[in-house]
Structure formats: structure tokens, C-alpha cells
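Colleague: Could you show me how to read a helix and its packing in a model like this one?

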Amino acid sequence: MSCDGSLWLENPVDFPHFASIALKAAELQGRRAGIRFLRKLQEVLFLEKQNISSKEVLIECARGLGLDVEEFIADLHSESAAKAFQCDIKITSEMDVQEIPTLVFFNENAEDEGIKITGTYPYEIYVHILEEMLSERPIPTNPPSLETFMKYFKFVATKEISVVYNMSISQVEREMKKLLLQQQVEQIPAKYGTFWRYVEE
């Protein structure tokens, strides 16, 4: 997601672990709720420059996503969310994850060691890793329609669509303007790129 680099200087995050615990609290309402909450955190941090270590901002994110806010607030201070966060830290430490991104691939045989890849590489490298682990070439599925993609993720950058659909920025803008005319999305210009918000029916 596009990010204004001045963010860290203007609005430093005081307690980044609190946002991580909030993510775990959201995940207690389901995996999809957790994914949507993470994207919402990115949106308010990178675009709106809000302090995501603020309890009020976190609660507003949960409310905006339609999560059960009372349950979310209780889970923010629950042992379950804290333990889930501690578990993530433990796994990160055990796998010696030192930088982002780091991906760890495992196969079905739990006794085999995983393969850790640190840094970003071309897509083909990841396909090759999967091919080696599976002993066959994985067959990719086609991405969903743009409408389905937008309905699922709600708020997406032009660049994200470009990567997922292997389209140029101009192709993406052309396709998204069709959805704009159909009033399925709204365009959100930002300092570092254009975003699209799905319009709920």
C-alpha cells in the first residue's frame, strides 16, 4: 500500500505492540475479520496518518468494519489476544525472522524442515520453490473478477490491482473507471497513488 514517508516523523507510533494485540482481538472474531482489520489499520496509518497505538483509533477501525465492538474491547485486554500475540513473537524468534518480508514454506510432512525466504523476489522464484516442495508444477487459479476482488477487500490501491491482475496502471485505471461509472467503486486520490473504495449496496 502506498505510504507517505513523512508519516513516521509526524506521527510516531508509541506502542506498536498494542496494534498487534488489537489485530489478534479482531482475529478472535474470525480470520476474515482479522484480514479486514489489518487492511483497515494500513489505511488509517498510511493514508490518514492516524496513530494506530491509540485505543480510540483501534476501536473506530473495528466499528467501521462492523465488528462486535464490545467483544473487541473486551478482547483487547484479554489473555487470549495477549497469548496469541506472544505465540506470534515466539514463532518469529524460533524461525529467526529478522526482516520483512520473510516467508516460510512447509510441505505436508511435518518432520521436513521449512524453507525460509527473506526479501522480495520475482514471482517465478516462489513458483520454483513450490514446485520443488511439491515435486510438480502448481497450477495457478485465475484471479476473481474485479468486482469480487473489490467486494472482498473493500479498499485497494491501483498498484495492488496492477500486481494481482498483471495489468499496467493505465489498464487498471480504465477498468476501474468502468466500475466507477457503474457506481460500484469510488476513487480516492492520495499523495502516493490512487485508491478505490467498494461502494456497499
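Modeller: We will look at one helix, then at its packing against a neighbour. This is a predicted model, where local features need pLDDT of at least 70, side-chain atom pairs count only at pLDDT 80 or more, and totals for chains, interfaces and linings use all residues. Residues are numbered from 1 along each chain as its sequence is written, and side-chain values use heavy atoms, with hydrogens and water left out.

Colleague: Which residues of helix α9 are buried?

Modeller: An α-helix has 3.6 residues a turn, so residues three or four places apart point the same way. In α9 (residues 158-165; helices are DSSP runs of H or I, at least four residues, and strands of E, at least two, numbered from the N terminus), the buried ones are Thr158, Ile161, Ser162 and Tyr165. They lie on the same side of α9, because they cover an arc of only 105° around the axis, taken from the directions from the helix axis to the C-beta atoms. Lys159 and Val163, on the other side, are exposed. Here buried is under 20% relative accessible area, exposed over 50%, and partly exposed in between (1.4 Å probe, protein chains only).

Colleague: What covers the buried residues of α9?

Modeller: The cover includes α8 (146-153), β3 (155-157), α10 (169-181) and β5 (193-198), with contact meaning heavy atoms within 4.5 Å.

Colleague: At what angle do α9 and α10 pack?

Modeller: Two packed helices are described by the angle between their axes and the distance between the axes. For α9 and α10 the angle is about 105° and the axes are 9 Å apart; axes are lines fitted to C-alpha atoms over the stretch in contact, with angles from 0 to 180 degrees between N-to-C directions. The two helices are therefore roughly perpendicular (65 to 115 degrees; under 35 is roughly parallel, over 145 roughly antiparallel, the rest oblique). Thr158, Lys159, Ile161 and Ser162 of α9 meet Ile169, Val172, Glu173 and Met176 of α10.
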